[in-house]
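Student: Before we begin, I should like to see the sequence and the structure that we are to discuss.

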Amino acid sequence: MQLVSKMFGRTLREAPSDAEMACHVWLARAGLIRRLATGLYAVQPMGHKALKRIEAVIRQEMEAIDGQELSLPLVQPAELWEKSGRYNLIGSELVRFKDRGQHPMVLAMTHEEAVTQVASEELSSHRQLPFMLWQFQLKFRDEPRARGGLIRVREFTMKDAYSFHKDQECLDEYYQRAYDAYVRIFRRCGIEPVIVQSDTGIMGGKVAHEFMLQSPMGEDSLILCPETGYSANAEIAVFAREGIPGEELPMERVATPGKSSIDDVAKLLGVEARNTLKMVMYGAEIGDKTEFVAVAIRGDLDVSETKVKNALKARVVFAATDDMIRAAGLVPGYASPIGMKGGILLVDLSVPVSANLVAGANEAGFHVKNVNYGRDFTVAGPFSEPVDVAQAAEGHLEINGVHRLKAVRGIEIGNIFKLGTKFSEALGCTFQAEDKTTRPAVMGCYGIGVGRLLASVVEDSHDDNGIVWPKEVTPYHVHLVALGQGELLDDCVKLAKELEAAGFEVLLDDRDERPGVKFKDADLWGIPVRLALGGKSREQGAFEWKERKAGSEMRLVKATEIVEQVEAFYKG
RNA sequence: CGGGAUGUAGCUCAACUGGUAGAGUGCCUGCUUUGGGAGCAGGUGGUCGCACGUUCGAAUCGUGUCAUCCCGACCA
């Protein structure tokens with residue numbers, strides 16, 4: 001048993017001033033985490049216990065889908081990352097350094113390279129496939145912006161799993177098993193995940209899902225359609241454009257002095273934002289070239305940079321500078337697709353279905369009315385037709401044009417990804433197939449940030465007084481509160497030993513403190529079952545049984561029946 | 001990397017117009033108290049982030065720097 005009087009870590013009466021999110025406040029106030037530096041946290045003993053419970057759940061589920069646990073190094077030779085092409089692809093979030101022999105090294109931010117390298121050394125025959133390797137391992141990502149306590153940190157433990165298959169079909173089948181295992185993991189942690197399709201980027205994969213905790217504090221925007229079941233991260237969500245039909249009118253140049261924003265222009269001309277055409281300009285690194293890219297999109301929509309990046313197969317897109325814009329013959333604030341010279345012009349699907357838009361005139365202080373796609377301009381560059389580069393939002397039509405989409409926020413707590421053969425090809429992870437050909441393994445990867453999941457559990461399960469642990473991940477099963485010393489405390493120790501003999505972990509508050517202090521701390525720590533022993537209950541040979549969850553009533557339970565009832569509670 | 005803000009006791013925060021450091025809480029001691037963060041008394045605890053400058057004198061003004069937080073950009 002853990003005696004509170006001896007437990008390292010104390011509770012705080014007030015939240016640290018840097019705590020914004022509820023999970024950060026309660027983890028800090030309960031003494032489970034302490035900040036060491038930006039994005040770097042110490043997890044104190046009680047927090048560590050909860051982490052280990054979460055890991056145990058994950059380990060069970062990984063074993064249930066035939067995963068084999070291993071351990072790969074955090075420090076890796078840069079060479080490995082050069083082989084996969086990510087050494088130069090990834091920016092400064094990848095920490096690079098040299099060891100004493102001046103060899104370039106990195107701190108791994110994920111382990112695809114290492115696991116593929118290791119697999120390639122063992123794999124030779126299709127008979128060995130499929131297999132799945134996984135680990136709990138540190139990752140280091142020098143995030144430009146850590147936030148939310150454990151929600152977004154720089155160093156963290158991730159459960160990362162990698163599966164290897166002889167073909168796509170086998171991967172597809174396994175992917176579904178991993179998907180189901182993920183649902184079980186989160187439910188056992190008390191979270192009902194929202195599952196969305198997610199960006200696969202240029203990593204070579206085609207299908208990926210993110211598991212989200214729905215929360216207004218989430219960093220991601222999710223698009224859901226309750227009627228059709230469609231769900232996707234907003235950055236890739238598809239939707240039907242509502243057109244603006246009309247007979248094409250002659251273009252007309254109008255003065256709009258000092259009005260360069262969509263809202264200002266629309267107001268001045270007495271039209272809606274949806275009747276305008278806006279140009280959003282980017283620089284894009286494609287291959288080893290930097291290209292100027294202009295996106296023409298209807299004024300009521302926002303550009304999804306993820307979609308732009310994917311459409312262009314670009315590594316990076318960034319906001320274009322005024323110089324780049326002028327070099328393409330465009331006037332910042334009054335840019336128009338008509339008269340653009342050079343570069344790539346992407347046109348969103350919203351543009352061709354909308355008649356007589358107001359666009360810039362490529363001349364400061366002027367716009368042009370009644371601009372129509374096809375008649376007045378078309379796409380330029382590698383694309384022959386308009387593409388989907390708009391960000392979906394609340395109220396848009398789902399792709400079939402029948403139902404309205406909903407938007408919610410979410411915290412990403414896990415992802416699964418059909419990687420394909422990108423890494424196995426790059427690192428030579430091949431095998432001999434039945435037909436004697438040599439083929440690269442088809443891979444999938446599956447990640448869960450353990451610390452972020454811990455924080456998400458708390459974010460999802462707390463009240464005004466502290467944490468409310470779900471049964472499966474609570475750091476202790478029973479919190480015994482001794483409201484006195486001497487024989488009364490002896491009785492508590494006796495019960496604690498009985499509970500431990502039955503396999504439960506017990507926290508015993510043996511401090512010589514007033515009851516109020518103990519109850520306040522009990523609420524902060526949030527152990528599901530609190531058993532208090534005071535003078536009155538002791539006379540009746542009973543403990544006061546109080547559950548942490550909302551609305552539970554206190555009741556007396558005879559000391560002799562406690563173990564049985566705790567067993568029933570945790571089985572139920 | 002842009003925009004905004006903040007750095008004073010372990011924690012949360014005060015300190016006017018420049019005059020030499022405060023409260024609450026925590027921690028230690030004693031007495032009283034003992035069912036929802038007790039009361040009284042005494043005590044502990046700070047190079048006012050750091051550097052330079054202005055000044056007779058700087059927590060306070062200026063410059064620089066570092067750190068932290070928020071918004072955005074970024075996020076295999």
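The dialogue that follows concerns one helix, one lysine and the surroundings of the RNA strand.

Tutor: This is a predicted model, in which local features need pLDDT of at least 70 and side-chain atom pairs count only at pLDDT 80 or more, whereas totals for chains, interfaces and linings use all residues. Residues are numbered from 1 along each chain, chains are lettered from A and ligands numbered from 1 in the order written, and side-chain values use heavy atoms, without hydrogens and water.

Student: Why is K278 called buried?

Tutor: Buried means under 20% relative accessible area, exposed over 50%, and partly exposed in between, with a 1.4 Å probe and protein chains only. K278 has 17% relative accessibility, so it counts as buried. K278 belongs to strand β15 (residues 277-286); strands are DSSP runs of E with at least two residues, helices are runs of H or I with at least four, and both are numbered from the N terminus.

Student: What does the side chain of K278 reach?

Tutor: It reaches the backbone oxygen of L301 at 2.9 Å. A polar contact is a pair of N or O atoms within 3.5 Å; within protein, one must be able to donate a hydrogen and the other to accept it, and residues adjacent in sequence count only if both atoms are side-chain atoms.

Student: How do you know that the span of helix α12 is close to the expected one?

Tutor: The expected span is 1.5 Å times one less than the number of residues. Helix α12 (residues 487-501) has 15 residues, and its 21 Å from first C-alpha to last is close to the 21 Å expected.

Student: Why are the buried residues of α12 said to line one face?

Tutor: The buried residues are L488, L489, C492, L495, A496 and L499. Seen down the axis of α12, they fall within an arc of 120°, so they line one face of the helix; the arc is that of the directions from the helix axis to the C-beta atoms. The face turned away from the buried side carries the exposed residues E487, K494, K497 and A501.

Student: What makes a residue count as near RNA strand B?

Tutor: One of its heavy atoms must lie within 4 Å of the strand. Of the 35 residues around RNA strand B, R13, T38, R145, E305 and D523 come nearest. A polar side-chain atom of T38 lies 2.3 Å from a phosphate oxygen of the strand, and one of R514 lies 2.8 Å from a base oxygen.

Student: Which element gives the most to this surface?

Tutor: Helix α13 does, with eight residues.
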